[in-house]
Amino acid sequence: MAVAAKRRKLGNPLALAVMALLSERPMHPYEIAQVLRRRGKEHSIKINYGSLYTVVQNLEKHGFVEVAGVQRQGRRPERTLYGLTADGQVELHDWLVELVSVPAREYPLFEAALSLILVLPVDEADELLGRRVEALETRARAVGDTLEALAKDLPRIFVLETEYQLHMIRAETEWIRALRQDLAAGALSGAAEWRALSETGEMPAEWMEIEERTNPDSSPDTNSDTSPDANPGTSPGM
């Protein structure tokens, strides 16, 4: 059964990560930061360690975490331990169920750029896509190295997000390569019109016709001949 996304009191993924760790055991914010770093979560969740205390305070404000004790080690200052409340456990579970099962429409910037790529000249766009492939290959190597390093100490279940990230980078790289090959081989429909647009600056007639056909405001009024005002002396139905 599909789960509908809902507006949450806290939408920061860092808050979700904090609740997930506190579901294991009570921790103080500094320990939370250490565990997130050891598990490599900074590669998948934007972690601002300076704001971690604020995140914990907000979770406490909404009743998702609570003070669970105080820890003192040697001469170090006392550290407040936080634990997950019953409401926090419910929020953690419901939020994760939603994120795992409901594909969110996230509007990535690259998708936005692709939707407007006709503004660029064909050859320039092709060159820029080539640069993106090079950058993606560099990123894939870095993520691959990170995954290999983490996998030495952590079970696979702890690095699924990094593994997924690597697969997504590789999939995007292959898609762009295939797109460029189609463009070079003349197999990309609309490419000829795109080049004409690049060279002349004028919208191709073929595209103008498509726009007219798909514009509902440009369709003729099929009921104009049968409307009462079309023949003032004739009543409807006669």
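Tutor: Before we look at this predicted model, keep one definition in mind: a residue is called buried when its relative accessible area is under 20%, exposed when it is over 50%, and partly exposed in between.

Student: Is arginine 25 buried, partly exposed or exposed?

Tutor: The relative accessible area of arginine 25 is 34%, and the range between 20% and 50% is the one we call partly exposed. Arginine 25 therefore counts as partly exposed.

Student: With which residue does arginine 25 form a salt bridge, and is that partner buried or exposed?

Tutor: As a general point, side chains of opposite charge can pair when their charged atoms come close. In the salt bridge of arginine 25, the closest N and O atoms are 2.9 Å apart, and the partner is glutamate 31. Because the relative accessible area of glutamate 31 is 17%, the partner is classed as buried.

Student: Which residues does proline 26 contact, leaving aside its neighbours within four places in sequence?

Tutor: Proline 26 sits in the loop between helix H1 (13-22) and helix H2 (29-38), and with a relative accessible area of 40% it is partly exposed. Once neighbours within four places in sequence are set aside, the residues in contact with proline 26 are Glu31, Ala68, Leu81, Tyr82 and Gly83.

Student: How far apart in space are proline 26 and glutamate 66?

Tutor: Along the sequence, proline 26 and glutamate 66 are separated by 40 residues. In space, going from C-alpha to C-alpha, the separation of proline 26 and glutamate 66 is 9.4 Å.

Student: How many residues apart in sequence are the parts that glutamate 161 and lysine 41 tie together?

Tutor: The side chains of glutamate 161 and lysine 41 meet in a salt bridge, with 2.9 Å from N to O. Glutamate 161 belongs to helix H7 (residues 160-185), whereas lysine 41 lies in the loop between H2 and helix H3 (52-61), so the parts tied together are apart in sequence by 120 residues.

Student: Which of those two partners counts as buried, glutamate 161 or lysine 41?

Tutor: Glutamate 161 has 22% relative accessibility, and therefore counts as partly exposed. Lysine 41 has 15% relative accessibility, and since buried means under 20%, the buried partner is lysine 41.

Student: What is the distance between the closest N and O atoms of arginine 156 and glutamate 163?

Tutor: Arginine 156 is exposed, with a relative accessible area of 56%, whereas glutamate 163 is buried, with a relative accessible area of 19%. These two residues form a salt bridge, and their closest N and O atoms lie apart by 2.5 Å.

Student: Which residues are joined into one network by salt bridges that share partners?

Tutor: The structure holds 14 salt bridges. Some salt bridges share partners, and the network joined in this way consists of Glu24, Arg25, Glu31 and Arg39.

Student: Which residues gather in a patch of negative charge on the surface?

Tutor: One member, glutamate 206, is found in helix H9 (residues 205-214), and at 43% relative accessibility it counts as partly exposed. The residues that gather in this negative patch on the surface are Glu206, Glu209, Glu211 and Glu212.

Student: Taking the protein chain as a whole, what percentage of its residues count as buried?

Tutor: The protein chain contains nine helices and two strands, in the order α-α-α-β-β-α-α-α-α-α-α along the sequence. About 16,600 Å² of the chain is exposed, with carbon and sulfur atoms supplying 54% of that area. Of the 238 residues in the chain, the share that counts as buried is 29%.

Terms used:
Residues numbered from 1 in each chain as written. Predicted model: local features only at pLDDT ≥ 70, side-chain atom pairs only at ≥ 80, totals over all residues. Heavy atoms only, no water. Patch = residues over 30% accessible without salt bridge, like charges linked within 9 Å, V, L, I, M, F, W, Y side chains within 5 Å. Areas by Shrake-Rupley, 256 points an atom, 1.4 Å probe, with all protein chains shown as cover. Salt bridge = Lys/Arg side-chain N within 4 Å of Asp/Glu carboxyl O. Lys, Arg positive; Asp, Glu negative; His and termini not counted. Charge placed at Lys NZ, Arg CZ, Asp CG, Glu CD. Helix = DSSP H or I, 4+ residues; strand = E, 2+ residues; numbered from the N terminus. Buried < 20%, exposed > 50% of the residue type's maximum accessible area, 1.4 Å probe, protein only. Contact = heavy atoms within 4.5 Å.
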